[in-house]
Amino acid sequence: MFKNERLNRIISVLQHKKRMGTSELEQELYVSSSTLRRDLIELEKMDKVRRGFGYVELVKPDNLELPYLFRGQEREQEKRQIAATASIFLSDNQAIFIDSSSTASFLAPYLAKLNHVIVITNGLRIAVALDGLPSIKTFLTGGRLRNGSGSILGDDSIAFLSNFRANLFFMSCVGLADHGVFMSSQEQSSVKRAMMQRAEKTILLCDHSKFGVKSYYQLCSEQSLEAVITDEDPGMGIGRELADAGVELLA
């Protein structure tokens, strides 16, 4: 298992148990104590975990967001598959909002094939990927760069978005469960909601790991979505709710 995969796996395990003994975590990850110790030191430096004598726990688990470089590598194949499916919504002469999620950043190769497209984003990753493409006019919001997330957030970002209207908005989330789409950050949610309000259609990009996951902040209901694009069938529960809300499901 590569380092970034281990870091993501540690966070994933702790999101379920919140606090674990280090020996238990070693067994869960099938790693040596020295490898786990180095990984925990790195996560502690990023203020993601707190170590104690013989245990480790999450720091502010309800508001946890891994650095976007790690998120970009997590489930990369699934995200590429989702982006490929999402590309069917793209065409020339569109204005498009794209959030700062790692999943949405994989749209860049498909945008590169288009002409006369405007992209408005609060994400550094997608903005850098589109740099140098003369057929794409890219607008990056103002605001505060959230440390480690690759996201530009805050009131200035929301105010900047008020200057635009878009045909589409591509976004991701922390969880898709009964009664809606969930986020772990109110700041992220506020920017996404501003994009939703100014877009004709909102398309959710959501890999299977987010099915049934809820966080403390509900971004929107299913009725706010035009389509959900994922890599696996979410099952009867979520699938039925999306169908009842008139949302297209592409898996």
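This is a short talk on the fold, the packing and a few single residues of one protein model.

Hi everyone, thanks for coming. One thing up front: what you have on screen is a predicted model, so please listen to everything with that in mind.

Let me start with the overall layout. The protein is divided into domain 1, residues 1-56, and domain 2, residues 66-247. The C-alpha centres of domain 1 and domain 2 are 29 Å apart.

Now to the sheet. It is open and has 7 strands, and if you walk across it you meet them in the order β6-β5-β4-β9-β12-β14-β15, with parallel pairing. At the edges sit β6, residues 136-140, and β15, residues 248-250, and each of these pairs on one side only. On average, neighbouring strands here are turned by 20° against each other, if you ignore direction.

Let's look at some of those pairings in detail. β9 and β12 are joined in the parallel sense by 5 bridges. If you want a pair to click on, L168 has K201 as its bridge partner in β12. Carrying on across the sheet, β12 and β14 run parallel and share 3 bridges, and here L205 is partnered with I229 in β14. Then β14, residues 227-229, is joined to β15 by 3 bridges, again running parallel. In that step, A227 has E248 as its bridge partner in β15.

What packs on this sheet? One helix that does so is α5, residues 76-86, which touches β9, β12, β14 and β15. The direction of α5 makes about 145° with that of β14. Another is α10, residues 186-197, which touches β4, β5, β9 and β12. The direction of α10 makes about 150° with that of β9. So β9 and β12 turn up in both contact lists. As for β12, is it mostly covered or mostly open? Mostly covered: 5 of its 7 residues are buried.Staying with α10 for a moment, S189 is found in this helix. Where does S189 stand on exposure, buried or exposed? With a relative accessible area of 0%, under the 20% cut-off, S189 counts as buried. Setting aside neighbours within four places in sequence, S189 is in contact with M183, Y217 and L219.

That brings me to the cores. As a general reminder, nonpolar side chains in soluble globular proteins tend to be buried together. In this model, the largest nonpolar core has 28 residues. The residues with the most contacts inside that core are F97, M171, V181, L204 and L225. Which elements give two or more residues to this core? They are β4, β9, β11, α10, β12, β13 and α11. The largest share, 4 residues, comes from α10.

V181 is a nice residue to select if you are following along. Again leaving out neighbours within four places in sequence, V181 is in contact with M171, C173, G175, L176, L204, Y217, Q218, L219, C220 and L225. Apart from this core lies another one, of 25 residues, including A83, A104, L114 and F170.

Next, the aromatics. How many aromatic pairs does the structure hold? There are 3. One pair is made by F160 and F164, with 5.4 Å centre to centre and 45° between the planes. Why does that pair count as tilted? Because planes under 30 degrees apart would be stacked and those over 60 edge-to-face, and 45° falls into neither group. F160 is partly exposed, at 25% relative accessible area, whereas F164 is buried, at 14%. F139 joins F160 and F164 in one aromatic cluster.

Last, two backbone angles that you may like to check yourselves. H116 has a phi near 55°, a positive value in a residue other than glycine. H116 lies in the loop between α7 and β5, and is exposed, with a relative accessible area of 61%. The other residue is H179, whose phi is near 75°, again positive and again not a glycine. H179 lies in the loop between β10 and β11. Is H179 buried or exposed? At 53% relative accessibility, H179 counts as exposed.

To wrap up, the three things to take along are the open sheet of 7 strands, the core of 28 residues with its largest share from α10, and the two histidines, H116 and H179, with positive phi. Thanks for listening, and I'm happy to take questions.

Notes:
Residues are numbered from 1 along each chain as its sequence is written. This is a predicted model: local features need pLDDT of at least 70, side-chain atom pairs count only at pLDDT 80 or more; totals for chains, interfaces and linings use all residues. Side-chain values use heavy atoms; hydrogens and water are left out. Two strands pair if DSSP finds at least two bridges between them. Axes are lines fitted to C-alpha atoms, for helices over the stretch in contact, and angles run from 0 to 180 degrees between N-to-C directions. Contact means heavy atoms within 4.5 Å. Buried means under 20% relative accessible area, exposed over 50%, partly exposed in between (1.4 Å probe, protein chains only). Domain bounds come from an automatic or database domain assignment. A nonpolar core is a set of buried Ala, Val, Leu, Ile, Met, Phe, Trp, Tyr and Cys residues joined through side-chain atoms within 4.5 Å. Rings of Phe, Tyr and Trp (its six-membered ring) pair if their centres lie within 6.5 Å; planes under 30 degrees apart count as stacked, over 60 as edge-to-face and the rest as tilted.
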